[in-house]
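Work through these exercises with the model open in a viewer. Each task is followed by a stepwise solution.

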Amino acid sequence: MPALRLVLGDQLTRSLSSLKDWQTGDLVLMCEVAEETSYVRHHKKKIAFILSAMRHFARVLESAGLTVRYVRLDDRDNTGSFAGEIERVLTAHTFDRLIVTEPGEWRVMEMMRGWEDQLGGPVEVREDDRVLSSIGEFELWAQGRKQLRMEYFYRQMRRKTGFLMEGRDPIGGQWNFDQDNRKRLPKDLELPERLSFAPDAITGEVLTLVADRFGDHFGDLEPFAMPVTRDDALAVLEHFIAVCLPKFGDYQDALAEGEAFLFHSTISAALNCGLLTPGEVCEAADAAFKAGDAPLNAVEGFIRQILGWREYVRGLYWLTMPAYKERNALDAQRPLPEFYWTAETDMACIRDVVTTTRKHAYAHHIQRLMVTGNFALLAGLSPDEVNRWYMEVYADAYEWVELPNTHGMALFADGGIMASKPYAASGAYLNRMGDHCGKCAYDVKAKTGESACPFNYLYWDFVARNREVLGDNPRMGMMYRSLDRMNPETLSDIQVQAEAFLDAL
Ligand code: FAD
Ligand code: SF4
């Protein structure tokens, strides 16, 4: 008997496990459903990207000879849910089982767990073998460990895959070249042009649909130039490897006003929906190193993001959900300020990141972590509200990767499962890594006073406010010793100013 094979919007990979052992008579079901487009108010570009990539992928499957039932969001009889669409197929056809690849998100897995009863037939959930470490493998690695530090997981992954290895040892004698990767962007350095892809007829139709249905969502829909096919995504990867990778390491942590991409790869949206696979991306970078086209600090830094961080956050997510999401270790409760949507703030660094985000549904890692994330941490913004913002505004956001990064890395809401200390920084860090401060209404050097950079007094207020939770953290020892040496009047001024600023948000 034939099988029904469900392919989700982030499973757009020809070698997907649920498409293996295809037989004549099987049917692929792909559906654009309201429960996915609307469970958070996604950026318009994010919705357009995923729907267009799905429609293109359905064409690829059809031209490979597979039979596809594709349900569009605006199809008259669309029930709005996966289960509804599967039931609709089952009223007209008979299948001996439903085959699906495990979903990225806990929420969808919970749904799937009920399907056998709901649909009255077997559901085969296959492992997602596009990733480099399975959920079970991560669980095994985590077993019995007091701390789940990414660095040790990453070393295991290097040994397992052989990327940048000489036998059992890392090439260059070091696992990590982070200390070489913290340069400020020189003023006269030319930044690479980026590829852009003109919308074809399929994307054009999607853009009209998104403008009609989701016109009141955050973000600019047009110009739309994202890579919605595998060929486009491969072109972005090739361009990155040839043009950007050699300098990726040096300027990985840099910030520059009005420059959204610097030397970053911009592949995350394509990677997370399946147009690229992590293995092939690491292979391309490894090959560039072997060919002498990119230096070790750049290639190691880049491979660590994918083989290390990306695999690690996925493992951590599945290990700790659903309790992980409920944690709020610093008891942060403040609502998200309006300027996260409008960019209307005198803080030049935040204004720039929100503007970039609105335009591209993209910001690079340091913008997410050290600007909007750092502000949210220092200001004690509610993790639920901050998580929701990150889920909505970035085209690459799926909960399995967004949540550990926001909840754990940026907000320390998990109490230190992911990061050994909060990524809290004052204006001095942002001034060192970027060029916003020179153009800002605030004075980055001033600690208090009307013109003082808010990151300065919020930083010390954060350290003082969270002493009970963070005071014993050995990596925070220096901060607390500095706090204790601070003149009590200065601290009091800082706290008064921080409170007034936060109350006015
Ligand atoms: P590059 O800098 O070129 O890095 C290459 C690739 O490495 C990325 O495409 C990505 O796949 C991977 N990578 C890098 N850092 C991480 C990381 N910390 N975790 C997982 N993968 C990583 N990434 C997402 O894919 N989706 C998200 O929703 C997301 N939310 C984030 C929220 C916060 C608060 C922070 C601090 C980071 C978040 N990240 C997220 C991680 C990272 O910022 C993005 O992957 C990266 O900016 C994407 O741009 P890029 O493709 O140019 O990456
Ligand atoms: Fe940001 Fe402060 Fe610099 Fe202004 S002075 S850009 S608020 S860090």
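A polar contact here is a pair of N or O atoms within 3.5 Å. The model is predicted.

**Exercise 1. Find which atoms of serine 265, isoleucine 267 and asparagine 405 pair with atoms of ligand 1.**

Solution.
- Step 1. Start at serine 265. An N or O atom in its side chain sits 2.6 Å from an oxygen atom of ligand 1. This pair is within 3.5 Å, so it fits the definition of a polar contact.
- Step 2. Go to isoleucine 267. Here a backbone N or O atom is the partner, 3.1 Å from an oxygen atom of ligand 1.
- Step 3. Turn to asparagine 405. An N or O atom of its side chain lies 2.8 Å from a nitrogen atom of ligand 1.
- Step 4. Check the cover. On its own, ligand 1 has 820 Å² of accessible area, and the protein covers 99% of that.

**Exercise 2. Describe the shell around ligand 1: how many residues, of what kinds, and from which elements and domains?**

Solution.
- Step 1. Count. The shell holds 29 residues. The closest are His264, Ser265, Thr266, Asn272 and Tyr362.
- Step 2. Sort by kind. There are 15 nonpolar residues, 10 polar and four charged.
- Step 3. Assign elements. Two or more residues come from each of helix 10 (268-273), helix 12 (296-320), helix 16 (365-379) and helix 18 (399-410).
- Step 4. Assign domains. Domain 2 (135-197 + 215-320) and domain 3 (339-504) each supply at least three residues.

**Exercise 3. Why does the radius of gyration of the protein chain agree with that of a compact globule?**

Solution.
- Step 1. Take the expected value. A compact globule of 505 residues would have a radius of gyration near 23 Å.
- Step 2. Compare. The protein chain has 24 Å, so the two agree.
- Step 3. Add the box. Along the principal axes, the C-alpha atoms fill roughly 80 × 50 × 50 Å.
- Step 4. Add burial and content. Of the 505 residues, 58% count as buried. The chain has 23 helices and seven strands.

**Exercise 4. Locate the cis peptide bonds that lead into proline 223 and proline 322.**

Solution.
- Step 1. Recall the background. Most peptide bonds are trans.
- Step 2. Inspect glutamate 222 to proline 223. This bond is cis, with omega near 0 degrees. Proline 223 is in the loop between helix 8 (201-214) and helix 9 (230-248).
- Step 3. Inspect methionine 321 to proline 322. This bond is also cis, with omega near 5 degrees. Proline 322 is in the loop between helix 12 and helix 13 (323-326).

**Exercise 5. Classify aspartate 21, alanine 343 and serine 17: buried, partly exposed or exposed?**

Solution.
- Step 1. Set the cut-offs. Buried means under 20% relative accessible area, and exposed means over 50%.
- Step 2. Take aspartate 21, in the loop between strand 1 (3-6) and strand 2 (27-31). Its phi is positive, near 50 degrees. Its relative accessible area is 47%, so aspartate 21 is partly exposed.
- Step 3. Take alanine 343, in the loop between helix 14 (339-342) and helix 15 (348-360). Its phi is also positive, near 65 degrees. At 7%, alanine 343 is buried.
- Step 4. Take serine 17, in the loop between strand 1 and strand 2. With 6% relative accessibility, serine 17 is buried. Its side chain makes a polar contact of 2.8 Å with the side chain of threonine 101.

Methods. Residues are numbered from 1 along each chain as its sequence is written. Chains are lettered from A and ligands numbered from 1 in the order in which they are written. This is a predicted model: local features need pLDDT of at least 70, side-chain atom pairs count only at pLDDT 80 or more; totals for chains, interfaces and linings use all residues. Side-chain values use heavy atoms; hydrogens and water are left out. A residue is near a molecule or strand if one of its heavy atoms lies within 4 Å of it. A polar contact is a pair of N or O atoms within 3.5 Å; within protein, one must be able to donate a hydrogen and the other to accept it, and residues adjacent in sequence count only if both atoms are side-chain atoms. Accessible areas come from the Shrake-Rupley method with a 1.4 Å probe; for residues, only the protein chains shown count as cover. Helices (H or I, at least four residues) and strands (E, at least two) are DSSP runs, numbered from the N terminus. Ala, Val, Leu, Ile, Met, Phe, Trp, Tyr, Cys and Pro count as nonpolar, Asp, Glu, Lys and Arg as charged, and the others, Gly among them, as polar. Domain bounds come from an automatic or database domain assignment. The radius of gyration is taken over C-alpha atoms; the globule rule is 2.2 Å times the number of residues to the power 0.38. Buried means under 20% relative accessible area, exposed over 50%, partly exposed in between (1.4 Å probe, protein chains only).
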